[in-house]
There are 4 protein chains.
Amino acid sequence: MSESAANLAYGRPIVLEDGPFKGWTTWGGGADPYETLLGPFCYRVEADGSAISAFQPDQRHLNGAGALHGGCLMSFADFSLFSIAHTQLSEGVNSVTLTMNSEFIAAGDCDGWVIARGEVLRETRSVVFIRGLLTQRDKPLLSFSGTLKKITPR
Amino acid sequence: MSESAANLAYGRPIVLEDGPFKGWTTWGGGADPYETLLGPFCYRVEADGSAISAFQPDQRHLNGAGALHGGCLMSFADFSLFSIAHTQLSEGVNSVTLTMNSEFIAAGDCDGWVIARGEVLRETRSVVFIRGLLTQRDKPLLSFSGTLKKITPR
Amino acid sequence: MSESAANLAYGRPIVLEDGPFKGWTTWGGGADPYETLLGPFCYRVEADGSAISAFQPDQRHLNGAGALHGGCLMSFADFSLFSIAHTQLSEGVNSVTLTMNSEFIAAGDCDGWVIARGEVLRETRSVVFIRGLLTQRDKPLLSFSGTLKKITPR
Amino acid sequence: MSESAANLAYGRPIVLEDGPFKGWTTWGGGADPYETLLGPFCYRVEADGSAISAFQPDQRHLNGAGALHGGCLMSFADFSLFSIAHTQLSEGVNSVTLTMNSEFIAAGDCDGWVIARGEVLRETRSVVFIRGLLTQRDKPLLSFSGTLKKITPR
């Protein structure tokens, strides 16, 4: 099951009170060990209701060539599927990532936030369709699309 | 650029000399900070020339629901694209992940290794086509397919 | 909604009684205009319970370069998702294609059947996970994977 | 090899002189048998330089449920990958579809054109990254993304 899905089910969204992401939301209290290891991955709801996600890459996220690890970008994209869909998923609905597609457009580095923006293309009774784009310094890094499956809380 | 690609270009494959993965190969010397953070991700070449990849999930890899993070599985799948293609990529050819598709089949946990097996479907002059499957206790967790683009060392 | 899904809901599977596909099953009676236009697309259940799908490419399926049209291969792959899953879908369960990924491995031609084989990786209460491979003269043409969503007959 | 790619290599783009698609471009002279069978698939370059693609679904494109065949939508999306990338591919550069991902968002019918819009996310020396969306009556039907590989004319 996908991390963000789990967070929406079990995590405690908290608003960061200082630092570069002051005012942004992340999953708190170590509720998500993997994200605590990689993150913080943060998101903020814009005035138009859309979500923007971001994280600050650092040495931890690099591969042997000094570029951002593909797995790191996909992990952040998975997180972003859920922040993009937050309005659909906010009413106690749990979801899991069912599918995710990735195209690696360009290499990223540690110079500036990696930003995720996207859109919910449709929400059905059981599935949410999402696509998004990771960028850094306005340059596309990763194009992703996916489906979230709503699950009934046990 | 994808991590494993970078490793094949810059990393130092080392054979682990003890522990549960004694005799398995990983990328050594912290050459890959992201993999050092998540791993060790290991692979071994079987008698038939195919590669098997494995890692032992632990608390670090969990999401808020106590399942393996989707991003963790995709990170390991990305690593596996390169171990699966190792024979095609072993002669000093560098590669990067161009695309990767993932279907999340079932949730994983910390009980037993996550194993990756797969096959090279074709290698062209510039692209390698690969598909694989992540399993745990013989249960499919993630189906993945991808393309690696060969790059000319600068 | 995907064609084959519809067929499983509304089509009439018929067994061809002569011609090169004698003994193979297709969707009959023009129940599926698109498949009637492109096909016949046929499948047969093997002794081991797996399904093999096939069609004979001809001039209709060619692109401007004299190769099989990518859309033709994806159309046949979509059909094959359902023949591969036939045992899961045979008890009056309707399904639609939710997602499908394609990697174009090699160009096809009109010399010999295009064959589809694959496997159901998992069936859940609501989703079937499938992957498959199109080949011609034992050469891989298209790697595909997808998810079928079960739907409740109205 | 993908149809549209072939057309860009071998086809003859012609501007339709009458009918509902008067002023739109298609591939002419039966240069592409598969598209002639399914089409006409047309595109037009907008004032902003972007391409819009369209076709009028009819009885030929239906599945057994009276919805547009998934393979038909994917065939049109494949065509659209190339119309979207036309500016990148117009200088005698041939291309083939390397990968294409599809999410089936909603069922289509014969009431109104199916429209494709999209964007080139990046063009490298050897690959073009594209994503797009098929809509009908402003309703999303299919989300697709793909990579085109440039090929050197033989």
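Reader: On the two faces of β4(C), which residues lie on the side opposite to Ala51(C), Ser53(C) and Phe55(C), and are they buried or exposed?
Author: This is a predicted model, in which local features need pLDDT of at least 70, side-chain atom pairs pLDDT 80 or more, while totals for chains, interfaces and linings use all residues. Residues are numbered from 1 along each chain as written, chains are lettered from A and ligands numbered from 1 in written order, and side-chain values use heavy atoms, without hydrogens and water. Strand β4 of chain C (a DSSP run of E, at least two residues, numbered from the N terminus) spans residues 51-55, and 5 of its 5 residues are buried (under 20% relative accessible area, 1.4 Å probe, protein chains only). With Ala51(C), Ser53(C) and Phe55(C) buried on one side, the other side is likewise buried, through Ile52(C) and Ala54(C).

Reader: Where in β4(C) is the bridge partner of Cys42(C)?
Author: Strand β3 of chain C, residues 42-45, runs antiparallel to β4(C) and is joined to it by 4 bridges (pairing needs at least two DSSP bridges). In that arrangement, Cys42(C) has as its partner Ala54(C).

Reader: Which residue in the hairpin of β3(C) and β4(C) takes a positive phi?
Author: The hairpin has 5 residues between the strands. The positive phi, near 90 degrees, belongs to Gly49(C).

Reader: Which residue of β6(C) stands opposite Ala54(C)?
Author: β4(C) is also joined by 3 bridges to the antiparallel strand β6 of chain C, residues 114-123. Opposite Ala54(C) in β6(C) stands Ile115(C).

Reader: What is the bridge partner of Ser102(A) in β5(B)?
Author: Strand β5 of chain A, residues 94-104, pairs with β5(B) in the antiparallel sense over 5 bridges. Within this pairing between chains, the partner of Ser102(A) is Met100(B).

Technical notes: Buried means under 20% relative accessible area, exposed over 50%, partly exposed in between (1.4 Å probe, protein chains only).
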